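Biologist: I have a model open on my screen and would like to understand the words used to describe it. Could you show it and talk me through them?

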Amino acid sequence: KALRMVLAELSRVIDHLVCVGAAAVDLGALTSFWFCFEQRERVYELFEKLCGARLTVSLTRIGGMAQELPVGWVTDCLETVKIIEKNIEEVDHLLTKNKIWVDRTRVCPISKEDAIAWGYTGPCLRAAGVNYDIRKANPYYFYNDVQFEIPIGHTGDNYDRYLVRMEEMRQSLKIVRQVLD
């Protein structure tokens, strides 16, 4: 269960890295794209060490794990977390207060009501100001035993969606550290 949490949170991080990186390149911030994709590759390397696959983590099975962790994997994972945390801050520095980025992403606000009516989930729902995360609302695995915050946006626009994803990555890495400890 603990390793499933780690894999789930690392998968959340790479999802958000791809989302932020792709949005950045679409808006003319190519450097941030490379920062994000480099970090995604680091996580893929961890997945590959676990099960031989980079895109699909096929290590988990009903009733447990397919095999034991490779020697040194936890140390490698913690080192990767440290590197990704540093690079997320670099992306934050490049984008969050960049006037061009802010101006180009302060578009398409979505209200709480519309987000719910349209079936939004995850970071898009939370960016619209809806305080819902299944890990808190209906905890599974060991989510009751770890400390993390659920970032919530205010306007639901693209900028809030970006901010929520950035903070969710930080919180996911915090969860990974706690679980591995």
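Modeller: Happy to; we will take a helix pair and then some aromatic rings, keeping in mind that this is a predicted model.

Biologist: What makes α1 roughly antiparallel to α8?

Modeller: The axes of α1 (residues 2–26) and α8 (residues 158–180) cross at roughly 155°. Angles over 145 degrees count as roughly antiparallel, so α1 is given that label relative to α8. Their axes come within 9 Å, and the crossing is left-handed.

Biologist: Which residues meet there, and how do they divide into nonpolar, polar and charged?

Modeller: Among them are M5, L10, V13 and L17 in α1, and M166, M169, L173 and V176 in α8. The contact divides into 16 nonpolar, 2 polar and 4 charged residues.

Biologist: Now the rings. Why is the pair of Y140 and Y143 called edge-to-face?

Modeller: Their planes stand at 65°, and planes over 60 degrees apart count as edge-to-face, so the pair of Y140 and Y143 earns the name. The ring centres are 5.0 Å apart.

Biologist: And how do you know that Y143 is buried?

Modeller: Buried means under 20% relative accessible area. Y143 has 3%, so it is buried. Y140 has 32%, so it counts as partly exposed. Ring pairs link both of them with Y141 and F148 into a cluster.

Biologist: What makes W118 exposed?

Modeller: Exposed means over 50%, and W118 has 52% relative accessibility, so it counts as exposed. W118 forms a tilted aromatic pair with Y120, with 50° between the planes.

Note on methods
Residues are numbered from 1 along each chain as its sequence is written. This is a predicted model: local features need pLDDT of at least 70, side-chain atom pairs count only at pLDDT 80 or more; totals for chains, interfaces and linings use all residues. Side-chain values use heavy atoms; hydrogens and water are left out. Axes are lines fitted to C-alpha atoms, for helices over the stretch in contact, and angles run from 0 to 180 degrees between N-to-C directions. Helices (H or I, at least four residues) and strands (E, at least two) are DSSP runs, numbered from the N terminus. Angles under 35 degrees count as roughly parallel, over 145 as roughly antiparallel, 65 to 115 as roughly perpendicular and the rest as oblique. A crossing is left-handed if the near helix is turned anticlockwise from the far one by less than a right angle, and right-handed if clockwise. Contact means heavy atoms within 4.5 Å. Ala, Val, Leu, Ile, Met, Phe, Trp, Tyr, Cys and Pro count as nonpolar, Asp, Glu, Lys and Arg as charged, and the others, Gly among them, as polar. Rings of Phe, Tyr and Trp (its six-membered ring) pair if their centres lie within 6.5 Å; planes under 30 degrees apart count as stacked, over 60 as edge-to-face and the rest as tilted. Buried means under 20% relative accessible area, exposed over 50%, partly exposed in between (1.4 Å probe, protein chains only).
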